[in-house]
Amino acid sequence: MNRNDLYDIAESWFQKQDWKPLKFQKDTWKAFLQGKHGLLNAPTGSGKTYALWFPIVLNYIKKNPQYKTKHKKGLKAIWITPLRALSEEIRQSAERVTLDLETQMTVAIRTGDTTTKARAAMKKQMPDLLITTPESLQLLLASKDYPKVFKDCTAIVVDEWHELLGTKRGVQMELALSRLKTISKDIRIWGISATIGNLEQAREVLVGTDTRALQNSTLIKANLKKKITVKSIIPKKMETFPWRGHLGLRLLEDVIPIIEKSKTTLLFTNTRSQCEIWFQNILEKHPEYAGEIAMHHGSINKETRNWVEQAIRNENLKAVVCTSSLDLGVDFAPVETVIQIGGPKGVSRFLQRAGRSGHRPGKESVIYFLPTHAIELIEASALQQAVKLNTVEDRIPYLNSYDVLLQYLTTLAISDGFYPDEIYTEVRQTFCYQTLSKDQWQWLLNFLVMGSQSLQTYDEYKKVEIEDDGKFKVNDRGIAMRHRMQIGTIVGDVNLAVRYQKGGYLGSIEEYFISKLNRGDVFTFAGRNLEFIRIKDMQVHVRNSKEKTKKISSWMGSRMTLSAQMSHLLRQELYSSFNDPKDQSPEIRSLAHIFERQRRESIVPKPNQFLIETFKTREGYHHIFYPFEGRFVHEAMGSLLGYRISLLSPITFSLAFNDYGFELLSDKEIDIQQVLDNDLFTSSFLLDDLQKSLNATEMARRKFRDISIISGMVFTGYPNKAIKMKHLQSSSQLLFEVFRDYEPENLLYQQAFTETFQHQLEEGRLRLSMERIARQEIVWKPCKKATPFSFPLITDRMSREKLSSEKWEDRIKRMTAILMKK
DNA sequence: GACCTGCTGCGGGATG
């Protein structure tokens with residue numbers, strides 16, 4: 001049977017369905033049957049599954065011309081999905097193809113939901129096609145004789161690759177693929193990705209860096225333009241629309257007619273408590289919707305979530321208020337409209353959500369943007385542009401994640417064991433570890449066998465033994481079992497839901513804070529004084545209290561930052577306020593009075609200008625800087641600048657920042673002219689100054705918690721009997737301190753800092769924006785009082801200070817870090 | 001002068 005025959009089979013199948021195969025589908029079949037690796041860029045709902053299931057099945061037929069016969073054992077193809085919830089849908093389309101073509105291929109799912117019995121059965125007889133998650137794939141590599149399972153595998157497809165790329169789950173995938181490339185001689189690696197900025201790089205990460213594989217790979221783009229309409233909800237009474245806030249409830253009544261008009265509407269909120277508040281408020285104001293609207297987010301139990309998802313499919317719901325829990329996942333045909341409440345922070349996330357409506361080929365997606373405060377209307381305008389210009393973000397892949405590598409090596413050691421030289425070669429061909437040196441490799445091997453230098457006296461860190469022939473192997477069954485339970489790179493949130501006893505949801509809070517409370521203690525949360533009653537089923541029960549309190553809740557979790565693309569577009573829209581009103585977007589036009597007031601009291605910066613405002617209040621001297629670069633960059637830039645200023649003359653600051661700018665507040669006035677004369681925005685000595693200026697150690701400590709769990713140094717406990725998070729945190733803290741004091745060259749310790757600088761503080765972006773500022777004309781405006789631009793920043797700080805539980809000593813410590821000591 | 005905060009995702013198996 002030659003390739004043309006196979007094409008005929010595919011084409012005639014499509015004809016039977018009354019479809020026509022699209023160009024990208026045909027291209028994919030061709031490349032696949034030629035034995036190439038590849039990355040397919042296609043939107044959801046475009047028939048991308050058929051683009052790949054077909055060649056997989058056809059290839060199977062080619063190898064077994066009498067295709068009624070069944071293969072014995074061993075996988076023929078693997079389909080990776082990042083979401084368990086998607087697997088059933090995928091199984092159905094796979095089965096449809098295999099049944100229609102009358103092959104004997106078997107299809108099965110293997111995820112955490114698969115029963116022990118089914119897993120055992122699978123061991124004896126693997127299906128031909130397996131649908132699974134990255135974690136479950138690792139688990140297969142953790143079982144005895146795994147090469148037998150993969151030996152005859154001819155294809156692996158990683159669906160939604162853009163979701164994995166840029167995460168440690170993606171790194172885990174890279175490692176599994178590096179192994180499969182050796183075991184399965186005839187394997188093709190395929191990825192499916194939504195549109196992202198760095199598609200070429202996405203292919204390289206997937207396929208690996210060895211030139212042979214890379215040259216034998218292709219990037220296929222399904223050039224299907226999805227029509228997306230963005231409509232901003234502009235407040236009718238702009239004059240009374242708040243300058244800050246995040247809930248957006250003021251525009252609730254504007255949402256009702258939109259819900260009325262469509263079959264089903266999804267309302268995306270940014271946080272779980274915002275989701276609950278909107279849900280309750282809609283019901284309060286419009287009781288007629290009872291039973292017709294629902295809620296969906298991460299703290300809601302699985303059964304309810306499943307019920308909601310099913311109800312959407314059955315068209316039983318008018319509207320669902322949700323968080324990113326519905327970003328991806330099952331296909332909801334009845335959703336006609338999406339409403340985004342508050343800034344989505346990134347273009348891709350916005351488009352992803354828009355795409356949840358009109359989820360059919362050729363259909364239009366409609367998304368409304370509901371601003372929660374005035375300046376957010378600039379974001380609305382920026383999003384309009386983003387859709388017009390087709391802008392999307394990059395997904396930045398991780399480099400040198402030693403924790404994931406250690407986990408992987410332990411995985412190999414508990415199944416069949418591994419020989420370091422062979423695995424080193426494979427690992428070096430992944431994108432993540434392409435620069436891994438022999439020395440670093442040797443360090444990691446030592447770590448597996450002896451624990452690290454400072455842990456050598458503790459046996460629990462000696463997991464792997466070296467056998468006589470040089471094979472690295474785990475022989476202890478307890479170690480193996482615990483490792484299998486902990487495979488994966490997702491470290492769970494330690495947040496508990498806070499509720500009234502009757503069930504009203506208030507938000508989520510970190511366990512470590514609650515663990516310090518006793519029954520009857522009063523604390524402030526979500527703007528209320530609450531009395532702690534008990535913790536039950538991962539929920540904190542509380543009641544209202546009139547007592548005053550000293551214990552204040554705080555959130556260590558980082559908020560989302562504006563993406564680089566969004567920041568850029570936002571600045572462009574800001575500059576467009578200088579255009580003639582008829583050339584402005586309606587959103588910018590609606591802000592005319594705010595721009596006017598801003599100009600009256602200060603200026604709106606032009607493209608070549610960088611604005612600094614200063615003024616004095618009872619609180620002290622405010623110095624406000626506007627890079628418009630997102631909160632992470634502002635956090636870093638703020639403490640950097642504060643540090644550099646303090647070198648000129650001793651002074652202390654408190655730092656506040658949001659997505660638009662940052663504030664240095666002090667009881668002394670900064671001589672801004674001196675700042676300018678001394679070139680304090682220079683990007684030279686950036687990393688050095690940054691390290692000295694902020695509490696990088698504290699930030700790294702938090703990163704290290706995840707690293708210690710992923711690398712297997714800290715065990716998170718048996719299912720249902722989770723080790724108290726408190727203990728977990730203290731053991732990872734302890735390790736962190738040991739390494740800091742005795743073994744700073746420890747690779748995992750160093751990784752915590754690298755991650756802090758690269759991922760948390762976005763060092764690369766910081767450098768670029770400092771360089772941009774260095775080229776701009778700096779405009780310093782002494783003002784009389786807070787301007788429309790500075791107002792959100794100042795009030796945000798005030799409410800946060802009220803809510804900070806940061807210990808007094810910590811605060812002093814942090815302040816003295818900035819304070820110049822003489 | 002306006003002010004209720006912080007997303008999502010995964011997950012035992014060998015032996016008697």
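Here are legends for four close-up views of a predicted model.

Residues are numbered from 1 along each chain as its sequence is written, while chains are lettered from A and ligands numbered from 1 in the order in which they are written. Local features need pLDDT of at least 70, side-chain atom pairs count only at pLDDT 80 or more, and totals for chains, interfaces and linings use all residues; side-chain values use heavy atoms, with hydrogens and water left out.

**View 1. Tyr146 and its surroundings in helix H7.**
Let's begin with Tyr146, which belongs to H7, residues 146-150 (helices, H or I, have at least four residues and strands, E, at least two; both are DSSP runs numbered from the N terminus). Tyr146 has a relative accessible area of 3% and is therefore buried (buried is under 20% relative accessible area, exposed over 50%, and partly exposed in between, with a 1.4 Å probe and protein chains only). Apart from residues up to four places away in sequence, Tyr146 touches Leu140, Leu141, Arg179, Ile183, Leu412, Ser415 and Asp416 (a contact means heavy atoms within 4.5 Å). Lys123 is 23 residues from Tyr146 along the chain, and their C-alpha atoms are separated by 9.8 Å.

**View 2. Asp159 in the loop between strand E5 and helix H8.**
The loop that holds Asp159 follows E5 (155-158) and leads to H8 (161-164). Asp159 counts as buried because its relative accessibility is 4%. Its side chain makes a polar contact of 3.2 Å with the side chain of Trp79 (a pair of N or O atoms within 3.5 Å; within protein, one must be able to donate a hydrogen and the other to accept it, and residues adjacent in sequence count only if both atoms are side-chain atoms). Setting aside neighbours within four places in sequence, the contacts of Asp159 are Lys48, Trp79, Ile80, Pro82, Ile90 and Ile192.

**View 3. Strand E23 with its partners E22 and E25.**
Of the 6 residues in E23 (620-625), 5 are buried. E23 pairs with E22 (residues 609-617) in the antiparallel sense over 6 bridges (strands pair if DSSP finds at least two bridges between them). These two strands form a hairpin with 2 residues between them, and Lys616 has Tyr621 in E23 as its bridge partner. E23 also runs antiparallel to E25 (residues 662-666), joined by 5 bridges; here His623 is matched with Leu664 in E25.

**View 4. Strand E18, covered on both faces.**
In a regular strand the side chains alternate between the two faces of the sheet. In E18 (residues 522-525), Val522 and Thr524 lie on one side and Phe523 and Phe525 on the other, and all are buried. E18 and E19 (residues 528-536) run antiparallel and are joined by 4 bridges, with Asn529 in E19 as the bridge partner of Thr524.
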